[in-house]
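Trainee: I'd like to go through this one piece by piece. Let me see it before we start.

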Amino acid sequence: MSISVPAPVRGFFLRHPGLSRALEIVILPFETAGKKLAFGCKMCGQCILHETGMTCPMGCPKTLRNGPCGGVRMNGHCEVVPEMMCVWVKAERRSRWLPWRGAILKIQPGLDWSLSGRSAWINVLSGHHESEAP
Amino acid sequence: MTRLPQPFIVRLDAAFRSGPPVVTCEIAAGDGADPDDVIRRARLVRDHVDAVNVPDNTAGVVHMAAWAASILLAREGVDPIMHLTCRDRNRMALQSDLLGAAALGVRNILCLTGDHMVHGDHPGAKPVFDLDSLQLLGLADVLRHGRYLSGREIKPAPDLFPGATENPFAPPYDFRPLRLQKKVEAGARFIQTQITFNVERFAAFMARVRDLGLDQRVPILAGVAPLRSARAARYMRERVPGMEVPEDIVRRMEQAGSERTRREEEGIRICVETIERLREIRGLAGFHLMPIHWEEAVSEISARARLMPARASLAAVPAIVRDDAADALHNRPREHRA
C-alpha cells in the first residue's frame with residue numbers, strides 16, 4: 001500500500017509552491033514534535049512509516065529502508081548499537097499486525113536528500129515523496 | 001570499443017550455466033600497496049574455483065581498493081567478483097565505480113550495504129549509506145540497461161553481472177527469504193550466503209526459498225569456511241554480529257587441542273562435512289568459500305569435498321583451446337545444481 005493523493009490535489013500544491021511553503025511553516029513544528037515523540041522521527045521528509053510496520057527505518061545506523069542488514073545479533077539487537085533492538089526486527093514484527101502487511105516487501109527507492117528536514121506531509125500532498133531513484 | 005586483453009577462461013555467468021557445482025572463494029584484500037600479496041593469495045586458490053571475491057574494506061578496516069585488486073586477479077586469469085559497499089560512497093561515486101569496473105572488464109559486482117565503521121579502524125569516519133544494498137542492486141540494473149540514475153543514456157550499456165548476499169543466520173529469520181526475494185526482484189543475478197555452521201537453519205531457510213521459487217530464478221551459493229582454532233570459533237560466535245557458530249562446533253575445535261596441525265585438520269574436516277551436508281539440500285548451485293586469511297586451506301577442502309568447479313576441469317587444457325571450451329560451456333545451458 002502506498003499513500004495516493006488525488007491528482008487534482010497534487011496539482012494544486014505543485015501549482016502553488018508559496019501556499020505549500022506557508023502551510024509547511026505552520027505544520028512543521030507540530031509534525032516534527034509529534035513524529036519525534038511517537039516514532040523517533042529523523043525528518044527525512046519522505047515518510048514510509050506505514051510501509052515499515054509503523055517503525056521509522058531512519059533509526060537504523062545504516063539508514064536501511066529495505067530490510068535488516070546481515071549483522072543483526074542473535075538476540076535481535078543492532079550490531080552498531082548493541083543495547084538497541086534492531087529497527088527491522090521491530091518493523092517486521094509490527095508489520096504482521098497491520099492489515100497491509102505486504103507493504104514491507106515493497107522495494108523502497110533511495111532517499112531524496114534535498115527533501116530532508118522538510119514536512120513529509122506536505123511532500124505527500126504535492127507528490128514529492130515518490131522519487132525516481134531505484 | 002577497445003577491450004583490455006583478458007585471460008579469463010570461464011566467466012562466472014558461464015560457470016553458472018554449466019553442470020558442475022560452482023565454487024567461488026573470497027581472498028583477503030591487499031593490506032597496503034603490495035600487489036604480490038594479492039597475487040600470491042590468488043595463485044593459492046585460482047585452480048580450485050570459478051571466481052574469486054575481492055572484499056571492499058571488510059569490517060570497516062581500510063585495504064587496497066577492490067577494483068584494483070580485481071584487476072590484479074584478472075591478470076592472473078581469475079574472474080574477479082568485486083565487492084561494492086554503500087558505506088563509503090554516495091550514489092554518484094557508486095555509478096562511476098560501476099562504470100570504471102565495467103570498463104576494466106570487471107563485471108561481477110557483489111552489491112553490499114557494507115559493515116559499519118564502528119567496528120573498524122576508522123570509527124570516526126562519516127557513514128555514507130546514501131543507498132542500501134537493494135537500491136544499489138537496482139542502480140546496477142539501471143546502468144546495465146543503459147541509463148544513469150538520472151535517466152541520461154549510456155552508450156554502450158556497461159556489461160555488469162550484479163550479485164547479492166543474504167544471511168540466513170541473523171534475525172528476523174522469517175524475513176530473510178523475503179529479503180532475498182526483494183534482492184532478486186531488484187536485479188540480483190547470483191547470491192552468496194553468510195558462512196554456514198548451523199546446517200539445520202540453512203536447510204529451513206532454503207526450504208522457504210524453494211517455496212518462493214527463488215532457486216529457479218538465481219543461482220545460490222552456500223557460504224562455508226574452515227575454522228583454524230577454538231579461539232577463532234569463539235571469536236566468531238561472540239564478536240562477529242550475524243554469525244552463528246553452534247556449541248558443538250566450538251566444542252569439537254576445543255577437543256582438537258592447541259597443536260596447530262591437529263586443530264587445522266579438525267577445522268578442515270568440519271568444513272568438508274558441512275559441504276557434504278549442504279549437498280543434500282535442494283536448490284543450491286554451489287559453494288562460496290571464505291577461508292579468512294587462510295587461502296592455503298582451499299586446495300585441501302576442494303580435494304576432500306570433491307569440488308569440481310567448471311574452471312578446474314579445464315585447467316589441464318592448453319590455453320588456446322580454453323576459449324573454445326569456454327564457448328562450449330556458454331552454449332550448453334544446463335540447470336544449475338550442486
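Mentor: Vocabulary comes before anything else: helices (H or I, at least four residues) and strands (E, at least two) are DSSP runs, numbered from the N terminus. This is a predicted model, where local features need pLDDT of at least 70, side-chain atom pairs count only at pLDDT 80 or more, and totals for chains, interfaces and linings use all residues. Residues are numbered from 1 along each chain as its sequence is written, while chains are lettered from A and ligands numbered from 1 in the order in which they are written.

Trainee: What percentage of the residues in chain B is buried?

Mentor: Chain B comes to 13 helices and 8 strands. A residue is buried if 20 or more other C-beta atoms, placed from the backbone, lie within 10 Å of its own, exposed if 12 or fewer, and partly exposed in between. Of the 338 residues in chain B, the buried share is 53%.

Trainee: How do the strands of chain B line up, and what does the twist average from one strand to the next?

Mentor: They make a closed barrel of 8 strands, β1-β2-β3-β4-β5-β6-β7-β8 in chain B, with parallel pairing; two strands pair if DSSP finds at least two bridges between them. Angles here run from 0 to 180 degrees between N-to-C directions, and axes are lines fitted to C-alpha atoms, for helices over the stretch in contact. From one strand to the next in chain B, the twist averages 30°.

Trainee: Which residue in β8(B) is the bridge partner of V22(B)?

Mentor: β8(B) has parallel neighbours in β7(B), through 4 bridges, and in β1(B), also through 4 bridges. On the β7(B) side, A222(B) has F287(B) as its bridge partner. For V22(B), the partner in β8(B) is G286(B).

Trainee: How many residues of β3(B) are buried?

Mentor: In a regular strand the side chains alternate between the two faces of the sheet. In β3(B), P80(B), M82(B) and L84(B) are buried on one side, and I81(B), H83(B) and T85(B) on the other. The β3(B) count is 6 of 6.

Trainee: Helix α6 packs on the sheet, so to speak; what angle does its direction make with that of β5(B)?

Mentor: β4(B) and β5(B) pair in the parallel sense over 3 bridges, with L110(B) opposite G163(B). Helix α5 of chain B packs on the sheet, touching β3, β4 and β5, at about 150° to β4(B); touching, or contact, means that the C-beta atoms of two residues, placed from the backbone, lie within 7 Å. Helix α6 of chain B touches β5 and β6, and its direction makes with that of β5(B) an angle of about 170°.

Trainee: How do α9(B) and α10(B) pack: roughly parallel or roughly antiparallel?

Mentor: Their axes are 8 Å apart and the angle is about 155°. Angles under 35 degrees count as roughly parallel, over 145 as roughly antiparallel, 65 to 115 as roughly perpendicular and the rest as oblique. So α9(B) relative to α10(B) is roughly antiparallel.

Trainee: What are the classes of the residues in the contact of α9(B) with α10(B)?

Mentor: A230(B), A233(B), R234(B) and R237(B) in α9(B) meet I249(B), V250(B), M253(B) and E254(B) in α10(B). Ala, Val, Leu, Ile, Met, Phe, Trp, Tyr, Cys and Pro count as nonpolar, Asp, Glu, Lys and Arg as charged, and the others, Gly among them, as polar. By class, that contact has 5 nonpolar, no polar and 3 charged residues.

Trainee: Is E266(B) buried or exposed?

Mentor: E266(B) sits in helix α11 of chain B, and beyond residues up to four places away in sequence it touches R252(B), M253(B) and A256(B). Because E266(B) has 22 C-beta neighbours inside 10 Å, it counts as buried.

Trainee: How many residues of chain A are in contact with chain B?

Mentor: Chain B brings 30 residues to that contact. α5 and α6 of chain B each supply at least two of them, and by class the chain B side has 14 nonpolar, 8 polar and 8 charged residues. In contact with chain B, the residues of chain A number 26.

Trainee: In which loop is R306(B), with its positive phi?

Mentor: R306(B) is not a glycine, yet its phi is about 50°. With 11 C-beta neighbours inside 10 Å, R306(B) counts as exposed. Its place in chain B is the loop between α12 and α13.
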